[in-house]
Amino acid sequence: MRQRYQSLWAGYGDVVVIVKRVVVAWLFVLSLTGHAWAQAEAVWVQVEAQPNLADATARAQVYAADLPDVNGFALGGGWYGIALGPYARADAEQVLRVYRAEGVIPRDSYISLSTSFRQQFWPIGANVLNLGVVAPPTAVVPEADETVPVPEAEEAVSAPETPVVAAPPVPDETPGEAQRSERLLTRAEREELQIALQWAGTYGGAIDGAFGRGTRNSMALWQEQKGFEVTGILTTLQRAALLKDYNSVLDDLRLETVRDDTAGIEMVLPTAAVSFDKYEYPFAHYTQSGDIPATVLLISQAGDQTTLFGLYDIMQTLDIVPLDGARSRRERSFSLIGEDATRISETRVSLQDGQIKGFTLVWPAGDEERRTRLIEEMDKSLVRLAGVIPPEAGAEEQAIDLVAGLSVRKPRLSRSGFFVDSQGTVVTTTEAVDSCTRITIDGEMEAQVATADTTKGVAVLTPEEALAPLAVARFSASAPRLTSEVAASGYSYEGVLGAPSMTFGTLSDLRGLNGESGLARLALNTLPGDAGGPVLDSGGGVLGMLLPAPDTGRALPDGVQFALDRETVQDVLAEAGLAGANTNSGQAINPVDLTAAATGMTVLVSCWD
């Protein structure tokens with residue numbers, strides 16, 4: 001009898017479990033059907049980003065003329081994004097697929113979360129960030145299959161109806177079963193779940209693979225947001241759903257493992273965005289192959305720590321590594337991040353067993369979630385194989401402004417200047433420092449503008465670190481004589497030659513063409529790079545500063561140049577709290593000594609964007 005009761009009780013327990021699962025599944029279905037638009041996760045299709053509000057508003061108006069659900073939000077950092085939505089994720093993915101296929105949005109559009117957006121600027125006065133999702137446009141909702149008409153029977157004999165039995169819901173695990181399957185996860189898999197929960201916005205703790213109270217609470221919050229039974233333990237199906245959402249941002253990149261035996265590197269690459277182009281030691285170039293302006297460099301060469309540090313310095317001169325961004329160099333590795341208004345470049349390199357290997361990813365700005373996810377996938381997938389790129393690879397193309405097939409970063413323009421004191425203060429033309437994000441002296445030393453007189457065309461620069469000039473300008477104390485010999489020192493070719501050159505001529509007049517004072521007219525042939533350099537008399541005294549070619553609206557005869565006289569230059573120095581030294585230069589000196597003094601005080605001033 002006792003055995004019979006035990007059997008009955010066990011059967012009853014099975015029924016209770018089944019009923020419980022059916023009820024949970026039914027409640028879940030109700031929550032999806034009855035409250036789908038209110039409870040679904042709000043995501044967006046981000047189609048464009050602009051660096052200023054005016055352009056972003058104009059583009060939003062263009063999109064709104066053809067598409068519904070157009071919104072504009074501030075992204076931070078001076079950028080403004082245009083997005084469609086908010087939709088449930090499945091609807092957003094459908095909108096993304098259809099609109100991209102029809103060509104009405106860019107191919108590099110992507111799914112974005114509400115957390116990416118700040119204040120709304122379009123439509124004016126709207127604020128839809130926290131109002132839930134909207135139904136997708138009917139034009140992108142797939143139509144149901146048409147029902148095939150059934151011909152009427154000739155005889156009015158009704159066939160017995162076959163009852164339709166609904167498929168039972170897929171049973172999920174109980175909390176106990178979920179916990180048992182959870183124990184089979186590796187540490188890396190547990191950490192990946194924490195990362196996915198962090199991405200979903202429910203977890204803010206350490207990524208340590210330990211499922212403590214913080215992780216359990218975040219799992220419960222995620223379950224609540226998704227309409228699952230709240231247990232704080234993810235079932236196998238729920239873990240798969242979480243990871244599917246987490247990885248959906250990379251779906252369009254077609255991540256595939258690429259084995260490059262020449263470089264000795266195997267790693268995951270976004271094959272929908274880049275494909276192999278060429279080898280240029282020490283790089284394997286994978287360049288843009290789709291709509292995303294992306295580049296991947298595989299870095300591979302033999303070497304030691306000295307080689308590694310040299311590569312670190314060279315990489316920072318390349319155009320693909322913008323100036324702004326974090327840099328980190330360790331004993332056996334380095335990382336570089338460079339970013340500007342249009343792109344972000346990230347490089348990760350390490351030295352092991354005499355081989356330097358790593359990669360650079362260049363990705364468009366404004367797509368930060370996908371970029372950071374991609375670079376982590378690339379980094380963790382990198383496998384070091386035997387061999388490195390041979391030094392002779394790609395040796396055919398050579399140019400002074402190329403390194404391994406990559407353009408060296410160049411300044412927007414370079415002009416000349418000259419030292420006026422022993423601390424390295426420099427006088428130059430305001431043309432050399434106009435709208436620059438960075439100013440350098442002789443290509444390497446950072447400098448700041450101490451004062452700039454745009455009316456007179458003179459700027460005074462102070463180096464960030466004290467310098468020790470070879471020579472310092474000494475202004476002539478004697479009045480210059482008409483038709484006397486003069487010399488101009490400057491970087492005529494804007495630094496290509498690596499040293500200043502001398503140009504000789506005569507003093508034509510002590511006034512401008514319209515009788516302006518403070519100017520001197522010279523008869524000598526100079527180039528744009530010479531502007532800002534010193535003009536000297538035959539005794540080595542500085543008569544003034546060479547000015548850029550004047551914009552008179554007329555073509556002047558060859559050999560007509562102008563210089564700002566020494567008194568005007570010294571007045572600007574005085575305004576900056578400085579005083580230039582004088583010298584009695586009435587006696588001519590040896591041309592060799594004159595050249596040494598002139599080139600020793602002359603510097604290259606470069607303006608960088």
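**Figure 1. Hairpin of strands S8 and S9 in the predicted model.** Two residues separate strands S8 and S9, which form a hairpin. Strand S8 (residues 274-280) and strand S9 (residues 283-288) run antiparallel and are joined by 6 bridges; strands count as paired if DSSP finds at least two bridges between them. Glu-280 has Phe-283 in S9 as its bridge partner. Strands (E, at least two residues) and helices (H or I, at least four) are DSSP runs, numbered from the N terminus. This is a predicted model, in which local features need pLDDT of at least 70 and side-chain atom pairs count only at pLDDT 80 or more, whereas totals for chains, interfaces and linings use all residues. Residues are numbered from 1 along each chain as its sequence is written, and side-chain values use heavy atoms, with hydrogens and water left out.

**Figure 2. The open sheet of 7 strands and its helices.** The strand order is S8-S9-S10-S14-S13-S12-S11, with antiparallel pairing. S8 and strand S11 (327-329) stand at the edges with a single partner strand each, so one side of each has no neighbour in the sheet. Neighbouring strands are turned by 15° against each other on average, direction ignored; axes are lines fitted to C-alpha atoms, for helices over the stretch in contact, and angles run from 0 to 180 degrees between N-to-C directions. S11 and strand S12 (residues 333-339) run antiparallel and are joined by 3 bridges, and Arg-329 stands opposite Phe-334 in S12. Helix H9 (residues 305-315) packs on the sheet, with S9, S10, S11, S12, S13 and S14 touched by the helix, and its direction makes about 0° with that of S12. Helix H10 (residues 368-381) lies across S10, S13 and S14, running at about 165° to S14.

**Figure 3. The open sheet of 5 strands with helix H3.** Pairing is antiparallel in this sheet, and the strand order is S4-S1-S3-S2-S5. Strand S4 (110-113) and strand S5 (120-122) stand at the edges; each has a single partner strand, so one side of each is left without a neighbour in the sheet. From one strand to the next, the twist averages 45°. Strand S1 (residues 43-50) is joined to S4 by 4 bridges, and the two run antiparallel; the bridge partner of Val-43 in S4 is Leu-113. Helix H3 (residues 53-66) lies across S1, S2, S3 and S5, running at about 55° to S5.

**Figure 4. Crossing of helices H7 and H8.** The axes of helix H7 (residues 213-226) and helix H8 (residues 236-247) come within 12 Å and cross at roughly 80°. H7 and H8 are therefore roughly perpendicular to each other, a term for angles of 65 to 115 degrees. Trp-222, Gln-223 and Lys-226 of H7 make the contact with Gln-238, Ala-241, Leu-242 and Asp-245 of H8; contact means heavy atoms within 4.5 Å.

**Figure 5. The disulfide of Cys-436 and Cys-607.** The sulfur atoms of Cys-436 and Cys-607 are 1.9 Å apart and form a disulfide, defined as a pair of cysteine sulfur atoms within 2.5 Å. The torsion about the S-S bond of Cys-436 and Cys-607 is about -115°, so the disulfide is left-handed. Cys-436 lies in the loop between strand S19 (426-429) and strand S20 (438-441), and Cys-607 in strand S31 (residues 602-608), so the pair ties together parts that are 171 residues apart in sequence. Both Cys-436 and Cys-607 are buried, meaning under 20% relative accessible area (1.4 Å probe, protein chains only).

Technical notes:
Buried < 20%, exposed > 50% of the residue type's maximum accessible area, 1.4 Å probe, protein only. Parallel < 35°, antiparallel > 145°, perpendicular 65-115°, else oblique.
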